[in-house]
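Welcome! Please take a moment to look over the sequence and the 3D structure before reading on.

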Amino acid sequence: MLEISDVSRSVMEFNAGNPGPIHESVLYDQDKHVSAAVWEGQERGALRCHEHTSKLDRWVLTDKQIELVKKAGFGYLRLIPAISLDNPLISALVERWRRETNTFHFTVGEMTVTLEDVAYLLGLPIDGQPVIGVTYTTCDAVCSKYLGKAPDSGYTSGGMVKLSWLKENFSECPADGSVEDIERYTRAYLLYLVGSTIFSTTTGNKVPVMYLPLFESFEEAGKYAWGAAALSFLYRALGNASLKSQSTISGCLTLLQCWSYYHLNVGRPRLKHDPIHECFPFVLRWKGKQSGPTSNRDVAFYRKAIDSLKAADVDWCPYANISHTIIPPNILHSLILGRSKTMLICFDKAERHLPDRCLRQFGMNQTIPEDVLRWERKTRGVDGGVDLSVKMESELSEWSNRHLHIVEAEEDIEESEYMQWYSKVTRKLVGRPIPISSEFQRMNLALRDIALMADTLSTHGMDDQQIQVVSRIRYVAHECLRDQVVSTIVVAEPLNEVGKKTRGKEKVRRKSLGKRRRKDDPEQYNNTTAAVTFHPRLNAVSSGHAADLYHAGSEVDHHSQLCLPASETEDVHLSHHFDHKVDEVEVCDMGNDVDGSADFQHHEAEELNSDELLNGGGEGEGDPQEPYTASDVVQQTSSLESTEDVARQVEAH
């Protein structure tokens, strides 16, 4: 009979191995989320971050142009400097983003980038007309109408134009230019500005021309809710990037990164300047050089920090002590929309703004939020001349009623009830607390224990049915061990994002200790009888391919022998990466002495030093620009003769 302590321990172990959600009523798309892949050891590394602000300062604007830019609502956005993006930090935040709720699911509760954050950080208007209009599949007509010239075909792709074309042709307005010329040059600048910041795309350096008609009248442009559109665009980009199949992210990443700096004590740089004298917009706080090492911080570093996030690491209301005297009146008066439960619109991108899930960001106690209604995420049609306002009537209706859905505080609310509910519906962990290699080892040990107990269990006094059950248990246990007969696998992954990035599948080539064994060398080939078998979770080896391994050198215990394959000409493409730490290595002698009495040796392996590993590339030569670290070791052993004995016993019964 189990003791209470044993039950408690079992529950704790179950919870430690169950990252959630326990109930899938909220996070119903967990199987598509990147956290599901990370939990299975499938690392995708840092996302490629698309923002194109580095050349914004090369535009020379006249006083008249600056006046028009301010009138259009972008007077503050143009002041925002090019901030160095921390790709690993952004990637770790994306792992916590959930498109089901448009919030980050942290250990302390849900948080999100709100309309209030956009107003404070970017100075964009968050109230006004929705940013929506007509789609285009070609650029010639719209560019000729609003810019006075059309780009060559090499600068366009569908309804998008290259940012480089805009800069080359419109970055310096003639001093004696006509009013019409000044307006055209300013429209080109505004298209470049939004295309490189709030509406940056994953295409690299293009921007849709569908925004141009909105700049026809600069006064009318100033009536649009550009901040709400920027947030809708970012929500959609975060949702797409949170899918495990994605490797890039776009949108206003400066907004996302500075939001994190203000709210989370994770990766926050130490400022060299005095932040007491604040200036608007608040993104400018992070302008200039920052102190503090970041070169050794990869996605795993930030993931671990976020997985262990405590309440003390969160600043729920970072703008509370900032003087509102520096905030423009039109921005200040619209801040109430930060608590509006509404739909955000940017052409086809309509995303829900759900401040009721993040009440602590407004100084309120958090209650259990209402269920989120699922909605269809529309995409821009391929047909030109489509007025999207006709296709999005319900979303536009929600936005028009935004002032009627301001979330209010509730009195005498205990947050303990919310946290109990939240712990059941959230994803508690992204990174595994125990490496996959250790879990494989624990599974193998359990199988061996079961097999040993079944082998030594006395059948005296049992009837035929009971004896058959025991024999079946013995057979299954030994069969599982036999299927895991071979070898130690060392999988390499990028050490961090400092060196040259590795994307897609990494080709791993074998480096042997001495002379390579060849199929045409009978003596050496016959001595290498083992074929490498992969656990199904690795999903890395296609039929007919041998496994090429890195030689880990002296970093692996000298008593351990890596089991090398026979073929040197066939490669394995490993598409998944695993945890950085090699905890235990279980190796097997791949000679002719594999039998049921084989003794399984366990060795504690040191953490592998990437400088000792050889890198794959080219014709097998190492590339010093692509450092790797051994990230996981999977051991698999079994007993062959005892399995056959058990099988015969089962057949006998």
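Here is a short tour, from the whole chain to its core, a pair of strands and a surface patch.

## The chain as a whole

Please keep in mind that this is a predicted model. The chain has 653 residues, and 51% of them count as buried. Along the chain there are 20 helices and 18 strands.

How do contacts spread along the sequence? Taking contacts between residues at least 6 apart in sequence, 80% join residues at least 24 apart. As for the outside, the chain exposes about 30,600 Å², and 48% of that area is supplied by carbon and sulfur atoms.

## The largest nonpolar core

In soluble globular proteins, nonpolar side chains tend to be buried together. In this model, the largest nonpolar core has 116 residues. Helix H10, covering residues 226-241, gives the largest share of this core, with eleven residues.

Which residues have the most contacts inside this core? They are Phe 74, Phe 106, Leu 166, Ile 198, Tyr 211 and Ile 249. To see one of them in its setting, try finding Phe 74. Leaving aside residues up to four places away in sequence, Phe 74 touches Val 69, Leu 124, Leu 190, Leu 193, Val 194, Ile 198, Phe 215 and Trp 226. Ile 198 thus appears in both lists: as a partner of Phe 74 and among the core residues with the most contacts.

## A hairpin with a buried strand

Next, look at strands E11 (residues 342-346) and E12, which run antiparallel and are joined by five bridges. One of the pairings links Thr 342 to its bridge partner in E12, His 353. The two strands form a hairpin with two residues between them, and there Phe 347 takes a positive phi near 55°.

Why is strand E12 described as largely enclosed by the rest of the structure? Five of the five residues of E12 (residues 349-353) are buried, so the strand is largely enclosed. Lys 349, Glu 351 and His 353 point one way from E12, while Ala 350 and Arg 352 point the other way. The residues on both sides are all buried.

## A nonpolar patch on the surface

Nonpolar side chains are also found on the surface: Ile 450, Met 453, Val 469 and Ile 473 make a nonpolar patch of about 350 Å². Helix H17 (436-456) and helix H18 (464-483) are the elements that give two or more residues to this patch.

Val 469 lies in helix H18. Is Val 469 buried or partly exposed? Val 469 counts as partly exposed because its relative accessibility is 44%, and partly exposed residues fall between the 20% and 50% cut-offs.

Methods. Residues are numbered from 1 along each chain as its sequence is written. This is a predicted model: local features need pLDDT of at least 70, side-chain atom pairs count only at pLDDT 80 or more; totals for chains, interfaces and linings use all residues. Side-chain values use heavy atoms; hydrogens and water are left out. A nonpolar core is a set of buried Ala, Val, Leu, Ile, Met, Phe, Trp, Tyr and Cys residues joined through side-chain atoms within 4.5 Å. Buried means under 20% relative accessible area, exposed over 50%, partly exposed in between (1.4 Å probe, protein chains only). Helices (H or I, at least four residues) and strands (E, at least two) are DSSP runs, numbered from the N terminus. Contact means heavy atoms within 4.5 Å. Patches are made of residues with over 30% relative accessible area and no salt bridge: like charges are joined within 9 Å, nonpolar side chains (Val, Leu, Ile, Met, Phe, Trp, Tyr) within 5 Å. Accessible areas come from the Shrake-Rupley method with a 1.4 Å probe; for residues, only the protein chains shown count as cover. A salt bridge is a side-chain nitrogen of Lys or Arg within 4 Å of a carboxyl oxygen of Asp or Glu. Two strands pair if DSSP finds at least two bridges between them.
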